[in-house]
Amino acid sequence: MEPTEDSNNYKYGVFYYNKDDSRIIVPKRIKYMGWTVNFAHPLSYLIMGGILAMVIVAWIVAPQK
């Protein structure tokens with residue numbers, strides 16, 4: 001069984017967290033749904049922070065009506 005398919009590797013049923021899996025980005029349980037990050041890997045927080053920073057900058061820079 002693929003580690004991403006094991007429900008014991010998910011916190012709150014949503015966040016993939018597996019210290020034994022060295023991958024940062026992993027496929028979701030349902031393969032056609034895309035990818036997710038392994039929150040047990042320290043770099044995953046940098047990735048999520050970068051995405052959040054891009055959203056905030058885009059919101060600030062976007063023209064207001």
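**Reading surface and ring features in a predicted model**

Mentor: In this predicted model, a nonpolar patch on the surface is formed by I25, W35, I47, M48, I51, M54 and V55, which together have about 700 Å² of accessible area.

Trainee: Which element gives the largest share of the nonpolar patch?

Mentor: Helix 1, residues 43-61, supplies five residues, the largest share. Another member, I25, belongs to strand 3, which covers residues 25-27.

Trainee: Is I25 buried, partly exposed or exposed?

Mentor: The class follows from the relative accessible area: under 20% is buried, over 50% is exposed, and values in between are partly exposed. I25 has 47% relative accessibility and therefore counts as partly exposed.

Trainee: How should the backbone angle of Y12 be read?

Mentor: Y12 is not a glycine, yet its phi is positive, about 55°. The residue is placed in the loop between strand 1 (10-11) and strand 2 (15-16). With a relative accessible area of 77%, Y12 is exposed.

Trainee: How many aromatic pairs are there?

Mentor: Two rings are paired if their centres lie within 6.5 Å, and planes over 60 degrees apart make the pair edge-to-face. The count by this rule is three aromatic pairs. One of them joins Y10 and Y16 edge-to-face, at 5.4 Å centre to centre and with 65° between the planes. Both partners are buried: Y10 has a relative accessible area of 11%, and Y16 has 0%. F15 and F39 also form an edge-to-face pair, with centres 5.6 Å apart and planes at 90°.

Trainee: Which parts does the pair of F15 and F39 tie together?

Mentor: F15 lies in strand 2 and F39 in the loop between strand 4 (35-37) and helix 1, so the pair ties together parts that are 24 residues apart in sequence. F15 is partly exposed, at a relative accessible area of 40%, whereas F39 is buried, at 15%. Ring pairs also bring in Y45, so that F15, F39 and Y45 form a cluster.

Trainee: Which charged residues lie over rings, and at what distance from the ring centre?

Mentor: The charged end of R29 sits over the ring of Y10, 3.9 Å from its centre. K11 lies over the face of Y17, at 4.8 Å from the ring centre.

Trainee: Which residues does the UniProt domain annotation cover?

Mentor: An unreviewed UniProt entry assigns "domain: DUF5808" to residues 19-45. In the model, the end C-alpha atoms of residues 19-45 lie 14 Å apart, and the span is 11% helix and 22% strand.

Conventions: Residues are numbered from 1 along each chain as its sequence is written. This is a predicted model: local features need pLDDT of at least 70, side-chain atom pairs count only at pLDDT 80 or more; totals for chains, interfaces and linings use all residues. Side-chain values use heavy atoms; hydrogens and water are left out. Patches are made of residues with over 30% relative accessible area and no salt bridge: like charges are joined within 9 Å, nonpolar side chains (Val, Leu, Ile, Met, Phe, Trp, Tyr) within 5 Å. Accessible areas come from the Shrake-Rupley method with a 1.4 Å probe; for residues, only the protein chains shown count as cover. A salt bridge is a side-chain nitrogen of Lys or Arg within 4 Å of a carboxyl oxygen of Asp or Glu. Helices (H or I, at least four residues) and strands (E, at least two) are DSSP runs, numbered from the N terminus. Buried means under 20% relative accessible area, exposed over 50%, partly exposed in between (1.4 Å probe, protein chains only). UniProt positions are given in the numbering used here, feature names are shortened, and annotations may be inferred rather than shown by experiment. Rings of Phe, Tyr and Trp (its six-membered ring) pair if their centres lie within 6.5 Å; planes under 30 degrees apart count as stacked, over 60 as edge-to-face and the rest as tilted. A charge sits over a ring if NZ of Lys or CZ of Arg is within 6 Å of the ring centre and within 35 degrees of the ring normal.
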